[in-house]
Amino acid sequence: MSKKKFKAEVNQLLHLIIHSLYSHKEIFLRELISNSSDALDKLKYLTLTEDEFKKLDFEPRIDISFTEGNAKTLTVSDTGIGMNDKDLAEHLGTIARSGTRAFLDSMSGDANKDSSLIGQFGVGFYSSFMVADKVEVITRKAGEETAWKWSSNGKGEYTIDEVSRDTFGTDVVLYLNNEGEEYASRWQLENIIKKYSDHIAFPIYLEYDQTSYEGEGDDKKEKKEHKIEQINAASALWKRSKSELTDEDYHEFYKTISHDTEEPLFYLHTQAEGTMEYTTLFFVPKKAPFDMYQADYRPGVKLYVKRVFITDDDKELMPVYLRFLRGIIDSEDLPLNVSREILQKNRILANIKSTSVKKILGEWSKMAENNPEKYNEFIEEYNRPLKEGLYSDFGNRESLLELVRFKSTIEEGWVSLKGYTERMKEDQKAIYYITGEDETTLRNSPLLEAYREKGIEVLIMDDDIDEVVIPGVGKYGDHEMKSVNRSGADEELKTEKDKEKGKEIKPLLKKIKKVLGDKVKEVKASTRLSDSPSCIVADENDPTVQMQHMLKAMGQKDIPDFKPILEVNPSHPIVVKLKGSEDDALIEDVSLLLLEQAMLIDGAEVKDRAGFVKRLNRIMEMAL
Ligand code: ADP
């Protein structure tokens, strides 16, 4: 006997499942049936494509049985691919998905919140421990001779022993606890299987003993019969006619393939006939998958060919920016034994992919129009991946530009570019936006002062991806998108009076530039400031301060030192007074302080901190 310890993550997950999902404990059965169905899918594929498996006697089925009495048990068996000892240790002793630890650590400990979040992760096999004191998995891998028994009480350890099993496949035996004993009942099981698994493509049988009576009075005899009854329709849900299917059918199917405990936010079922014959069924989870921002995220779309499962591990089936989609693609036109290499450059698949993406984006745009509340929920989770699409999916950029949302200085909540252009001032030409790391800082930025005064809307872009994506987009319709953080964005705001004032302080600007030297690229009169004396902006083609931070964070070295442009507000009392000053030492201090305060507000680093404090103190002393 070999005794092993669960990896720490497993213990954490077990604890979480037991404490946050007890009110939905019956989902354990959906999870076990779903695992069996996956195991059958995998073996079915091998029996159709690999010579050594073609000769196997494969009758795909799932059997559920139970024992009553003192020791109540429930067994879920399948004739699927099975596991060997190595598989068991790997799949039922660890969690191989990266980011698991961080995800589990982020859970709040509040059962209500956690129960909805755990759906992002997927519940799986370990949910059995909600209803069982002990779980045994007796399994033999197809093509191998040795069978194995995995056994655990879910308390930190498990054992793996060699046992015998006549055929390949898996039995999961639950020794039901107080929470679970109600499931040792024909009626209960029949109800749950119907509810959760009617769409499973393989037959599910329930075994039970039926007692009946024969004869009358004293002759009455009890008769016990052992029955095996098929409970589900055993047809792939996506192949059924859409008109037959209800929202609930789709929701249950989604939960089975995603292991999510919540209903999906959106689904789209397409049955294409004609030159190309295929079916797709896509879902959007309510909560973004926990690994959405990991390079090794788990893809959520499964490929089938003529209802035979091919792979669930192909990231190319859908564009990367749509990696949060869950669902299936089932093609009638692909050969069964498609290899990975063939898949990647297959025209049929490429066609299904591009048609599907167009259709999905179209449906989301309808959602935005017809159900803004739901669309808001969608945007809260998926705005960022959609923005990724703006640079990675050029062909759909127009549609994506209609789908992405931004925060704004004028409207509350999320705004669209279309909405922005509809609200634009009559003579306004450009769409203005400000980028940075933090919404509050941006909203208080001196760069916005003149826009606010003139009632011009500015989009607040506090997502680091905005910096990269939006300049690449450049235009929305006829309107150029201009970053308020850059020099030149205020051209449109300039009045004759501004130009006049700019001229008046030219000599002062020269003096300031002389003091600042090559700390700045240029010193200019600003038209965008009203309450603040100065601000810094980036030259039109230089990266902004935030973008430089991001490049550094992404590991880019040798970023040249881009110098900012200092803009000075000609109407500000400090500047007006400075203009009349003859005190060179004071001009020097104030010039430097004008730059330093502008840098601080922008989130840039002030390198000479000691000098800054000294200057500040000198000025304070003078003022007191
Ligand atoms: P998930 O199904 O999300 O991967 P689970 O914890 O439910 O997570 O299962 C872990 C793994 O154990 C599965 O991915 C599969 O490889 C294996 N497994 C579970 N049940 C079975 C089964 N009945 N037959 C074969 N393999 C199984």
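Reader: Which strand do 2 bridges join to β18, and how do the two run?

Author: This is a predicted model, and here the sheet pairing gives the answer. Residue K475 stands opposite E480 in the partner strand. That partner covers residues 479-483 and is joined to β18 by 2 bridges. The strand is β19, and the two run antiparallel.

Reader: What is the order of the strands in the open sheet?

Author: The sheet is an open one with 5 strands, and its pairing is mixed. β15 (407-408) and β18 (475-476) stand at the edges, each with a single partner strand, so one side of each has no neighbour in the sheet. Reading across, the order is β15-β17-β16-β19-β18.

Reader: Where do the domains of the chain fall?

Author: The domain assignment splits the chain into three stretches. Domain 1 takes 2-231 and domain 2 takes 238-379. That leaves domain 3, at 406-623.

Reader: How many residues of domain 1 are in contact with domain 2, and how much area is buried between them?

Author: The C-alpha centres of these two domains lie 26 Å apart. On the domain 1 side 33 residues make contact, meeting 27 residues of domain 2. Carbon and sulfur atoms give 54% of the area buried between domain 1 and domain 2, and that area is about 2500 Å².

Reader: Which residues of domain 1 lose the most area to domain 2?

Author: Three residues stand out on that side. Together they make up 23% of what the domain 1 side buries. They are Y45, Q120 and H199.

Reader: Which side chains meet in a salt bridge at 3.1 Å, N to O?

Author: Let's start with the interface of domain 1 and domain 2, where the rule finds 1 salt bridge and 8 residue pairs in polar contact. D38 falls in domain 1 (2-231) and K302 in domain 2 (238-379). The pair with that 3.1 Å distance is D38 and K302.

Reader: Which element gives the most to the side of domain 1 that touches domain 2?

Author: The elements giving two or more residues there are α2 (27-49), α5 (100-105), α6 (111-121) and α7 (186-197). The residues of this side divide into 11 nonpolar, 13 polar and 9 charged. With 12 residues, the top contributor is α2.

Reader: How far apart in helix α8 are E252 and K255?

Author: The structure holds 43 salt bridges, and the side chains of E252 and K255 meet in one (3.9 Å, N to O). Both sit in helix α8 (residues 247-258), where their spacing comes to about one helical turn. In sequence, they are 3 residues apart.

Definitions and conventions
Residues numbered from 1 in each chain as written. Predicted model: local features only at pLDDT ≥ 70, side-chain atom pairs only at ≥ 80, totals over all residues. Heavy atoms only, no water. Domains from an automatic or database assignment. Contact = heavy atoms within 4.5 Å. Buried area = accessible area lost by both parts, 1.4 Å probe. Salt bridge = Lys/Arg side-chain N within 4 Å of Asp/Glu carboxyl O. Polar contact = N/O pair within 3.5 Å; in protein donor to acceptor, adjacent residues only side chain to side chain. Helix = DSSP H or I, 4+ residues; strand = E, 2+ residues; numbered from the N terminus. Nonpolar A, V, L, I, M, F, W, Y, C, P; charged D, E, K, R; others polar. Pairing = 2+ DSSP bridges.
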